[in-house]
Amino acid sequence: KIQVPLECVKDAKSAIRFLRKNSERLKVETDRIVAAGASAGGQLAAATAMITAKEVNDDSYDLAISCVPNAVAGYNPWLRCQPELNPADNVVPDLPPTICFLGSKDPLPVPELGAFHEKMLAAGNASEVYVGIGAGHGFCNGRNPQNPYFYWSIELVDRFLTKHGILTGEPNIQRPEGLPAIETEAYAAEGSK
């Protein structure tokens with residue numbers, strides 16, 4: 001019987017192994033891999049770094065190749081699956097730097113993602129969480145070229161990845177003129193690394 005969440009975590013881990021194994025052909029810098037995803041994809045991105053049980057690895061791939069990304073970006077990450085697959089229940093020291101975004105009106109309450117963030121910091125990991133005030137689930141989506149939250153989140157991810165040595169140089173994100181102002185806040189920014 002196929003267990004969908006488990007198979008999804010296996011696939012996400014295998015994708016990173018594939019990138020590393022084929023890095024020369026694909027022109028991938030193996031020390032600059034960022035796992036990113038929205039909603040359930042945010043859970044999968046974090047799971048590649050945090051879920052380490054043997055059964056979450058597909059042994060048809062070379063398990064000696066690391067599936068741990070160099071950073072994680074979660075957009076409205078859904079951290080409500082069974083504990084053995086839930087990144088929020090598997091925080092340990094030495095995890096990749098992690099940045100997350102959540103709308104204040106998302107079905108996943110801000111304090112729940114805040115608790116994950118606080119666990120990350122308590123374990124000595126780099127973590128940042130940003131909240132879009134009044135925004136719902138999927139508010140950073142870039143399908144609408146006039147979505148101000150999309151550009152806001154991309155700019156913050158760019159700065160975060162630069163701070164952690166994954167990107168270099170100055171940001172060159174081109175924000176369309178006339179986008180409306182947005183209200184956002186950093187969650188527990190004073191403890192962020």
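How many cavities of 30 Å³ or more does the count come to? The points below take up this question together with the sheet, the helices and the nonpolar cores of what is a predicted model.

1. The count comes to 1 cavity of 30 Å³ or more, and the volume of the largest cavity is about 40 Å³. Its lining is made up of Gly42, Ala46, Val72, Gly74, Pro77, Leu79, Thr98, Cys100 and Phe116, with H3, S2 and S3 each supplying at least two residues of that lining.

2. The strands form an open sheet of 5, ordered S1-S2-S3-S4-S5 and mixed in its pairing. At the edges stand strand S1 (34–38) and strand S5 (184–187), each of which pairs on one side only, and from one strand to the next the twist averages 15°.

3. Strand S1 runs parallel to S2, the two being joined by 5 bridges, and within this pairing valine 34 stands opposite alanine 71 in S2. The covered face of S1 consists of Ala35 and Gly37, whereas Val34, Ala36 and Ala38 belong to the uncovered one.

4. Strands S3 and S4 also run parallel, with 6 bridges between them, and threonine 98 has serine 127 in S4 as its bridge partner. Threonine 98 appears again among the residues that line the largest cavity, and it is also one of the contacts of methionine 120.

5. Two helices are to be read against this sheet. Helix H3 lies across S1, strand S2 (71–75) and S3, and runs at about 150° to S1, while H4 packs on the sheet by touching S3, S4 and S5, its direction making about 165° with that of S3.

6. The largest nonpolar core has 22 residues, of which Met50, Leu113, Phe116 and Met120 touch the most other members. At least two residues of this core come from each of helix H3 (40–50), strand S3 (98–103), helix H4 (110–122) and strand S4 (127–132). Apart from this core lies another, of 16 residues, which includes Ala73, Ile99, Tyr149 and Trp152.

7. Two of these core residues deserve a second look. Phe116, which is among those touching the most other members of the largest core, is also one of the residues lining the largest cavity. Methionine 120, once its neighbours within four places in sequence are left aside, is in contact with Met50, Val91, Leu95, Pro96, Thr98, Asn125, Ala126 and Ser127, so that a reader tracing its surroundings meets both threonine 98 and its bridge partner, serine 127.

Definitions and conventions
Residues are numbered from 1 along each chain as its sequence is written. This is a predicted model: local features need pLDDT of at least 70, side-chain atom pairs count only at pLDDT 80 or more; totals for chains, interfaces and linings use all residues. Side-chain values use heavy atoms; hydrogens and water are left out. A nonpolar core is a set of buried Ala, Val, Leu, Ile, Met, Phe, Trp, Tyr and Cys residues joined through side-chain atoms within 4.5 Å. Buried means under 20% relative accessible area, exposed over 50%, partly exposed in between (1.4 Å probe, protein chains only). Helices (H or I, at least four residues) and strands (E, at least two) are DSSP runs, numbered from the N terminus. Contact means heavy atoms within 4.5 Å. Two strands pair if DSSP finds at least two bridges between them. Axes are lines fitted to C-alpha atoms, for helices over the stretch in contact, and angles run from 0 to 180 degrees between N-to-C directions. On a 1 Å grid over the protein atoms alone, a cavity is a set of points where a 1.4 Å probe fits but cannot get out, and a pocket is an open set with protein on both sides within 12 Å along at least five of seven lines; lining residues have an atom within 4 Å of a point. Grid points are joined across faces, edges and corners, and a volume is the space filled by probe spheres set on the points.
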